[in-house]
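Visitor: I should like to take a close look at a single part of this structure and then see how the rest is arranged around that view. Please begin with one sheet and proceed from there.

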Amino acid sequence: MRAQYIARSPRIAARLLGGEMIVISAEDSALFSLNDIATAIWLAADGRTPLREIVEQRVCAEYAVDPETALRDAEELVRELSAHGILLSSDQPFPDAA
Amino acid sequence: MLPPLGPRGEGLAAELAGTANQRLRAAPGPETDFRHGLLAAPRALEVILNIGDLPIGLRTSDSCFTGMLQERYAGFLTPGALPAVEFDVELVSPEAASLDDDLRVTTAAGRWWLERGDFWAEFDPAARRGRIRQSANPYSIDSVLRIVHTLMLAGTGGFLLHAASGSRNGRAFLFAGPSGAGKTTIASLAPTDVTLFTDEVSYVRKRPEGYWCYGTPFTGELAKPGVNASAPVAALYLLAKGDANRLEPVGPAEAARRLLEDILFFARERGPVGQLFQAACDFVTQVPTYRLTFAPDARVWEMVV
């Protein structure tokens, strides 16, 4: 299985308010709210760390969930956020990632 | 939603022609530059509108249009003030307007372009100058002014908000909500010790000491203009209609989401959208925000303290 890398889109703004991450897309001003787990993945989306590793380190280590289920849910989240253009996904690390 | 271009019939033209109290000001530029032999060119008239502590000068050679501006924005005129931003307004035939075109607000090389079927405008925020081309109607200039104010506010932590507002004992209260949420209703229920600023669009400016709210002349087509008054913001109330009056605190994330829904903004550029987003987030972390469910009952104002 090929690794999946994720990075936050440069065309968004985000803010953690009262423990809840809210994200706005500059494309259409659509607003998104992320729950705790989605926020953990979002914050770790540095473009260099494989999604599987993010899930192991940021989700499985913090929440009582088995790795395969967590990865499946994370992949679904990534698909959803990518479809809205607020998260970028690739099978290669992002060259400009910080 | 901005009001559409309205008809400009004989009645309006006649009404405009009848407005005589105009302030003449000779303006620099080719219109009055005698060295170039333009002696026959009309003198420029300037109206200075001070909305939200931002005086904007509108220059045109059309006295009827100037009269219309003075009438429409009567409470917001500041004759003699030094405008912070100046626009030259070129009036064109209303036949050139297309009512079907969507608004486009774009930027390049530090300038903004505002375009809709009924107007075109160019604005250089650094030079604080711009040009507007439209027919002699109040709706287009009103739209341009709203957009320019939102652009000028974007980097300052302020915004224009779909909200009624007013002050009591020197403290301002904002009542935000979309059309139908009850802005006009709650304004109409205000007791006599409340100074109403507006029942439609409020102006929020961030100052070193906190947020200030101002009334604006921006209205829907049927509403009356607000008043030129301001006060420090004490609270934001997110309006909802219900069977009884109820006040509940709202957490910052929900408050930011609701606030962003009610903020007027027209650009889609990443920079200004991000600035506005951060401005809304900053506001809700500093200003107490409540959900105010109310029945059409004046006792709701007992909860506004």
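Guide: What follows starts with the open sheet of chain B and then moves on to the remainder of chain B, the contact between the chains, and chain A. The model is predicted.

The sheet in question belongs to chain B and comprises seven strands, arranged in the order E1-E2-E3-E7-E6-E5-E4. It is an open sheet, and its pairing is mixed. Its edges are formed by strand E1 (45-51) and strand E4 (104-108) of chain B, each of which pairs on one side only. If direction is ignored, neighbouring strands of this sheet are turned by 20° against each other on average.

At the E4 edge, E4(B) is joined to strand E5 (residues 111-116) of chain B by five bridges, and the two strands pair in the antiparallel sense. Within this pairing, Val105(B) has Leu114(B) of E5(B) standing opposite. As a general point, side chains in a regular strand alternate between the two faces of the sheet.

Two helices of chain B lie across these strands. Helix H2 (residues 63-72) of chain B lies across E1, strand E2 (54-60) and strand E3 (85-91) of chain B. The direction of H2(B) is at about 20° to E1(B). Helix H3 (residues 138-154) of chain B lies across E1, E2, E3, E4, E5, strand E6 (119-124) and strand E7 (129-134) of chain B. H3(B) runs at about 30° to E6(B).

The sheet can now be placed within its chain. Chain B contains six helices and 16 strands, and 42% of its 305 residues are buried. Among the contacts in chain B with a separation of 6 or more, 64% are between residues 24 or more positions apart.

Another strand of chain B offers a residue for closer inspection. Thr198(B) is part of strand E10 (residues 195-198) of chain B. Thr198(B) counts as buried because 27 C-beta neighbours lie inside 10 Å, whereas 20 or more suffice for that class. Leaving aside residues up to four places away in sequence, Thr198(B) touches Ala164(B), Ser165(B), Gly215(B), Thr216(B) and Gly226(B). Leu247(B), by contrast, is 49 residues from Thr198(B) in sequence, and the two C-alpha atoms are 22 Å apart in space.

The next topic is the contact between the chains. Here 14 residues of chain B are in contact with 13 residues of chain A. On the chain B side, helix H5 (252-262) and helix H6 (270-286) of chain B are the elements that give two or more residues. H6(B) gives the most, with six residues. By class, the chain B side has seven nonpolar, three polar and four charged residues.

Chain A has strand pairings of its own. Strand E1 (residues 5-8) of chain A runs antiparallel to strand E6 (residues 87-90) of chain A, and four bridges join them. In this pairing Ile6(A) stands opposite Ser89(A) of E6(A). E1(A) also pairs in the antiparallel sense with strand E5 (residues 46-50) of chain A, over two bridges. There, Ala7(A) has Asp46(A) of E5(A) as its bridge partner.

Chain A also contains helix packing. Helix H1 (residues 36-44) and helix H2 (residues 51-60) of chain A pack with their axes 10 Å apart, at an angle of about 135°. H1(A) is therefore oblique to H2(A), and the crossing is right-handed. H1(A) contributes Ile37(A), Ala40(A), Ile41(A) and Ala44(A) to this contact, while H2(A) contributes Ile54(A), Arg58(A) and Val59(A). The contact of H1(A) with H2(A) has six nonpolar residues, no polar residues and one charged residue.

H2(A) also packs against helix H3 (residues 67-83) of chain A: their axes come within 10 Å and cross at roughly 115°. H2(A) is therefore roughly perpendicular to H3(A). This crossing, too, is right-handed. From H2(A), the contact involves Leu51(A), Arg52(A), Val55(A), Glu56(A), Val59(A) and Cys60(A). From H3(A), the contact involves Pro67(A), Ala70(A), Leu71(A), Ala74(A) and Val78(A). By class, the residues of the contact of H2(A) with H3(A) are nine nonpolar, no polar and two charged. Val59(A) of H2(A) thus takes part in the contact with H1(A) and in the contact with H3(A).

How values were computed:
Residues are numbered from 1 along each chain as its sequence is written. Chains are lettered from A and ligands numbered from 1 in the order in which they are written. This is a predicted model: local features need pLDDT of at least 70, side-chain atom pairs count only at pLDDT 80 or more; totals for chains, interfaces and linings use all residues. Two strands pair if DSSP finds at least two bridges between them. Axes are lines fitted to C-alpha atoms, for helices over the stretch in contact, and angles run from 0 to 180 degrees between N-to-C directions. Two residues are in contact if their C-beta atoms, placed from the backbone, lie within 7 Å. A residue is buried if 20 or more other C-beta atoms lie within 10 Å of its own, exposed if 12 or fewer, and partly exposed in between; C-beta atoms are placed from the backbone. Angles under 35 degrees count as roughly parallel, over 145 as roughly antiparallel, 65 to 115 as roughly perpendicular and the rest as oblique. A crossing is left-handed if the near helix is turned anticlockwise from the far one by less than a right angle, and right-handed if clockwise. Ala, Val, Leu, Ile, Met, Phe, Trp, Tyr, Cys and Pro count as nonpolar, Asp, Glu, Lys and Arg as charged, and the others, Gly among them, as polar.
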